[in-house]
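Subject: Structure for you to look at

Dear colleague,

I am passing on the structure that we talked about, and below it you will find notes on what came out of it. Please read them with the structure open beside you.

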Amino acid sequence: EAEGMTVLEANDGPSGVERARAERPDLILLDVMMPGLDGWQVAEELLDDERTRGIPIIFLTARAELRDRARGVDAGGIDYVTKPFNPLDLAPLVRRLLERIDRGERDELRGEKLAELRSLMETG
């Protein structure tokens with residue numbers, strides 16, 4: 001909000017899905033560990049609904065394992081930010097990703113995340 005963005009919040013997975021369907025935000029920051037439905041289930045519901053399928057998702061979570069990152073990309077995420085993170089870095093990241101999506105680079109973003117994961121797997 002301090003960066004001039006409108007921020008909508010939901011307290012749990014089910015209300016997050018409903019809020020996304022009703023408000024259709026430009027982007028969703030999605031925690032994996034939430035009550036009601038976890039972030040993976042929320043992402044599945046959003047991807048299954050034509051009203052919300054196109055909304056980009058950034059997973060924002062303490063789950064930093066490689067398999068969780070891979071699951072985030074597989075679930076349609078365009079990025080995966082692990083906690084702890086610097087909140088001052090979040091707004092520029094969101095802006096950068098939205099600009100790239102507006103330029104039609106959504107598939108490239110996902111490809112970059114997949115390449116990053118492959119690199120981590122090879123070195124880890």
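In helix H3, the residues Asp68, Arg69, Gly72 and Val73 are buried, where buried means under 20% relative accessible area, exposed means over 50% and partly exposed lies in between, with a 1.4 Å probe and protein chains only. Helices here are DSSP runs of H or I with at least four residues, strands are runs of E with at least two, and both are numbered from the N terminus. The buried residues of H3, Asp68, Arg69, Gly72 and Val73, lie on the same side of the helix because they cover an arc of only 140 degrees around its axis, the arc being that of the directions from the helix axis to the C-beta atoms. An α-helix has 3.6 residues a turn, so residues three or four places apart point the same way. On the face of H3 turned away from this buried side sit the exposed residues Arg67 and Asp74. The cover over the buried residues of H3 includes H2, S2, S3 and H5, with contact taken as heavy atoms within 4.5 Å. Just after H3, Gly76 has a positive phi of about 100 degrees.

Before going further, please keep in mind that this is a predicted model, in which local features need pLDDT of at least 70 and side-chain atom pairs count only at pLDDT 80 or more, while totals for chains, interfaces and linings use all residues. Residues are numbered from 1 along each chain as its sequence is written, and side-chain values use heavy atoms, with hydrogens and water left out.

Next come the aromatic rings. The structure holds two aromatic pairs; rings of Phe, Tyr and Trp (its six-membered ring) count as a pair if their centres lie within 6.5 Å, and planes under 30 degrees apart are called stacked, over 60 edge-to-face and the rest tilted. One tilted pair is Trp40 with Phe59, at 5.1 Å centre to centre and 40 degrees between the planes, and this pair links distant parts of the chain, since Trp40 is in helix H2 and Phe59 in strand S2 (residues 57–61), 19 residues apart. Both Trp40 and Phe59 are buried. Phe59 also forms a tilted pair with Tyr80, at 6.1 Å and 35 degrees; because Phe59 lies in S2 and Tyr80 in strand S3 (residues 77–82), this pair ties together parts that are 21 residues apart in sequence. Trp40, Phe59 and Tyr80 are thus linked by ring pairs into a cluster.

Tyr80 also appears in the lining of the largest cavity, together with Arg69, Val73, Lys113, Glu116 and Leu117. On a 1 Å grid over the protein atoms alone, a cavity is a set of points where a 1.4 Å probe fits but cannot get out, whereas a pocket is an open set with protein on both sides within 12 Å along at least five of seven lines, and lining residues have an atom within 4 Å of a point. The largest cavity holds about 40 Å³ of space, a volume being the space filled by probe spheres set on the grid points, which are joined across faces, edges and corners. Helix H5 (106–123) gives the largest share of that lining, three residues.

The largest pocket has a volume of about 1100 Å³. Its lining has 35 residues, of which Val7, Leu8, Leu27, Ile28 and Leu29 lie nearest its centre, and H4 supplies the largest share, six residues.

With best wishes
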